[in-house]
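Biologist: Please take a close look at one part of this model, the side of one chain that touches the other. Set it in the context of both chains, and go through any residues that deserve comment.

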Amino acid sequence: MSFFEVLTIIIPSTLLTAAPLIFTSLGGVFSERSGVVNIGLEGLMQVGAFTAAIATLGLEHAGVGSASPWIAILLAAVAGGIFSLIHAVVSISFRADQTVSGVALNFLALGLTIFLVKMIYDGKGQTPYIGHNIDKINIPGLSQIPFFGPIFFQQVTYTSYLAILVSFLVWFVIFKTAFGLRLRSVGEHPAAADTLGINVSKMRYIGVTLSGVFGGIGGAVYLVTITSNYNVSTIAGQGFLALAALVFGKWHPIGAMGASLFFGFAQALSITSQQIPYLDQLPSVIMLTAPYVLTLIVLTGFVGRAEAPKADGVPYIKGQR
Amino acid sequence: MKVNAFLKKINWMTLLIPVISVVLGLVCGAVIMFAIGYNPLLAYQSIIESIFLQPYYGGETIRAMIPLVLAGLAVAFAFRTGLFNIGVEGQLMVGWFASVACAIIFGHLPKFILLPMSVVAGGAAGALWGFIPGLLKARFKVHEVISTIMMNYIALYTTAYLIKNFLYTEGERTPTIPQAASLSSAFLANLTQGSRLHWGFVVAIIAVTAMWFMLWKTTKGYELRAVGFSPDASEYAGMNVGGNIILSLTISGIFAGLAGAMEGLGTYQYMTINSAFTGIGFNGIAVALLGLNTPVGVTLAGALFAGLQTGGMTMQSNAGVPVELIQIIIALIIFFVGSGYVIKWAADRLKRKGHKS
């Protein structure tokens, strides 16, 4: 197998596995930039994936056809946003420990989604498979480019490129707009922001809700492009991987996107390495644990310091210093 | 007289929050069941009847309590030093693996050496998995929430890999451990009509006592709690804050590792290749929070959750309610305990109103 062929396997596979991570970690950027730690990304993805499965099946039943998974992603975004409000209320208004609330959110998401699946499908622990996935396609035009076409634009899904585009959009929103400046100021120094008339609670609610919207999209994309049905192990660690990508990307949208691509690459490699000469000698455990080990190394500061927003994880209580 | 003084010392408000949270959680669970068309009374009745009247479910409840209490102690111990150990799940897994591996590799040794050795192996592996985030925090200021989550996944994939390549047998698991390393007991099983209750409860009792003794009866424990209250003040008082952080997470890891050893040597007698976490570690967070991070509280909270989970099975067969409802209730209880501020605020309001009228 030539190096070129290896690339045509690994790159599309990387793009596929990275897309849900990119969306979800971007959600994490919004939440943590506003000063609310979100351990609940995993649960938000679960809600998104569940909603996508149910919605796609329902829309297919109603005769919507191949547009179903796309509409389902939008519905999952709404569901994720609504579900994340629990985290927002508990950790912002009720001043609960944000990590505790996030852990509970994960519990609730898994329990609730599987409970509902059993309700809807007569005690079965999983949904049927959806009929219309978002398929891997050759992007018209671009896939004809010599050399680059087969590597980057054949056997890929639109969602991967959408995810990359959105991460630039998020970068623009967070670093180039007034809204982004307010969001960041609330996460860095809420008391100062408050003095300037910025509504700290409101900004944080927006941050957390956006993390729910993006987490929901992430989970939905994972479902409609990769697993196609929802059960207890559909989202097993993807949300925590996205959290790692967020930290690895140093709380920066483009960084998070890059880290997600890198983690997607590691996952793709662990799956496809059996087909690739030399790499099949390497134990898969190295590829599987690589994202987590590397995140730990980055956090130790050997490769540039990763600093969280100053007020990340600190509830804001008016008038308290 | 003494009792009176003791009663005065208790902060009733603090005690009230977990109780209110549990009640609210159960009420919410009932409302959900009622709304969907199940019979909540029948569901709760079947839970209570099964765990208190049927020896099998009673035994299984105590069996489920063992790792839950140990996991709860692990979280609570770290909490006392101001650290949030989300890594119990991973520490439990390496503890489980190490105890089973030790039991199988040294299978020829007599019971009085092999059993303690395997238990210790589990604790030691957990300690190592707690030590690393401790070191990262003390030396490089890496936040333990992130690092322990990372360690969880490293544990998950590493143990799966080790089993697959070195201790594999049919059924995606390790071979069964030799009798000489087993905590299981025919006597306890007979007593409870064939439940998997094992001698691990002795280990859990020792651990509960040990935590109380360490934190409240030794100088080191005082230091650990002082660091939890105020790292800056402790530093100023000449305590080694970094060292105490490492120590706290290491001891926390020992408790978690022991929880894993109990599953390996007691409940299952082997380890499966896990593709996802056991959930015991995350439940441990709930147990610790509800138990107010005290040894007695953790034991009570562990009993409650173990009872709910075990009884939840009969709830599914008797009232038709999916067992996931229990997980929803537990999640709600954590939310309520976490929102203690609001409960306090509401109680204050009620009190004030009471005075006015």
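Modeller: The secondary structure of chain A, in this predicted model, consists of 12 helices and zero strands. Read along the sequence, the pattern is therefore an unbroken run of α elements, as DSSP runs define them. The model scores ipTM 0.86 and pTM 0.89.

The contact between the chains involves 37 residues of chain A and 33 residues of chain B. On the chain A side, helix 4 (98–120), helix 10 (238–248) and helix 12 (284–300) each supply at least two residues. Helix 4 of chain A gives the largest share of that side, 14 residues. Sorted by class, the side of chain A that touches chain B holds 25 nonpolar, nine polar and three charged residues.

The UniProt record, an unreviewed entry, carries the annotation "transmembrane region" for several stretches of chain A, including residues 102–121 and 282–303. Other stretches under that annotation in the record are residues 6–29, 36–58, 70–90, 158–175 and 205–224 of chain A. Two of these can be described from the coordinates. Residues 6–29 of chain A are 100% helix and 0% strand, and the C-alpha atoms at the two ends of the span lie 33 Å apart. Residues 158–175 of chain A are likewise 100% helix and 0% strand, with 26 Å between the end C-alpha atoms.

As a whole, chain A has a radius of gyration of 20 Å, which agrees with the value near 20 Å for a compact globule of 321 residues. Along the principal axes, the C-alpha trace of chain A spans about 65 × 50 × 40 Å. Of the 321 residues in chain A, 54% are buried. Among the contacts in chain A with a separation of 6 or more, 77% are between residues 24 or more positions apart.

One case of such a separation is His189(A), which sits in the loop between helix 7 (178–188) and helix 8 (190–195) of chain A. His189(A) and Lys310(A) are 121 residues apart in sequence, yet their C-alpha atoms are 6.9 Å apart in space. Leaving aside residues up to four places away in sequence, His189(A) touches Lys310(A) and Ala311(A). His189(A) has 15 other C-beta atoms within 10 Å and is therefore partly exposed, since a buried residue needs 20 or more and an exposed one has 12 or fewer.

Another loop of chain A follows helix 10, one of the helices named above for the side that touches chain B. Trp251(A) lies in this loop, between helix 10 and helix 11 (253–272) of chain A. Although Trp251(A) is not a glycine, its phi is positive, at about 60°. Trp251(A) counts as buried because 22 other C-beta atoms lie within 10 Å.

Chain B also has a residue of this kind. Glu172(B) is not a glycine, but it has a positive phi of about 55°. Its place is the loop between helix 7 (144–166) and helix 8 (186–191) of chain B. Here the burial class is partly exposed, because Glu172(B) has 13 other C-beta atoms within 10 Å.

The rest of chain B can be set out in the terms used for chain A. The secondary structure of chain B comes to 16 helices and zero strands. Its radius of gyration is 21 Å, close to the 21 Å that the globule rule gives for 357 residues, so chain B is as compact as a globular protein of that length. Taken along the principal axes, the C-alpha atoms of chain B fill a box of roughly 75 × 60 × 40 Å. Buried residues make up 54% of the 357 residues in chain B. Of the contacts in chain B between residues at least 6 apart in sequence, 80% join residues at least 24 apart.

Within chain B, helix 15 (residues 324–338) has 15 residues. From its first C-alpha to its last, helix 15 of chain B reaches 21 Å, close to the 21 Å expected at 1.5 Å a residue. Helix 15 of chain B is largely enclosed by the rest of the structure, because 15 of its 15 residues are buried.

On confidence, chain B averages a pLDDT of 89, and 96% of its residues score at least 70. Where pLDDT is low, the predicted coordinates should not be read in detail.

Methods:
Residues are numbered from 1 along each chain as its sequence is written. Chains are lettered from A and ligands numbered from 1 in the order in which they are written. This is a predicted model: local features need pLDDT of at least 70, side-chain atom pairs count only at pLDDT 80 or more; totals for chains, interfaces and linings use all residues. UniProt positions are given in the numbering used here, feature names are shortened, and annotations may be inferred rather than shown by experiment. Helices (H or I, at least four residues) and strands (E, at least two) are DSSP runs, numbered from the N terminus. The expected span of a helix is 1.5 Å times one less than its number of residues. The radius of gyration is taken over C-alpha atoms; the globule rule is 2.2 Å times the number of residues to the power 0.38. Two residues are in contact if their C-beta atoms, placed from the backbone, lie within 7 Å. pLDDT is the predictor's confidence in each residue, from 0 to 100. Ala, Val, Leu, Ile, Met, Phe, Trp, Tyr, Cys and Pro count as nonpolar, Asp, Glu, Lys and Arg as charged, and the others, Gly among them, as polar.
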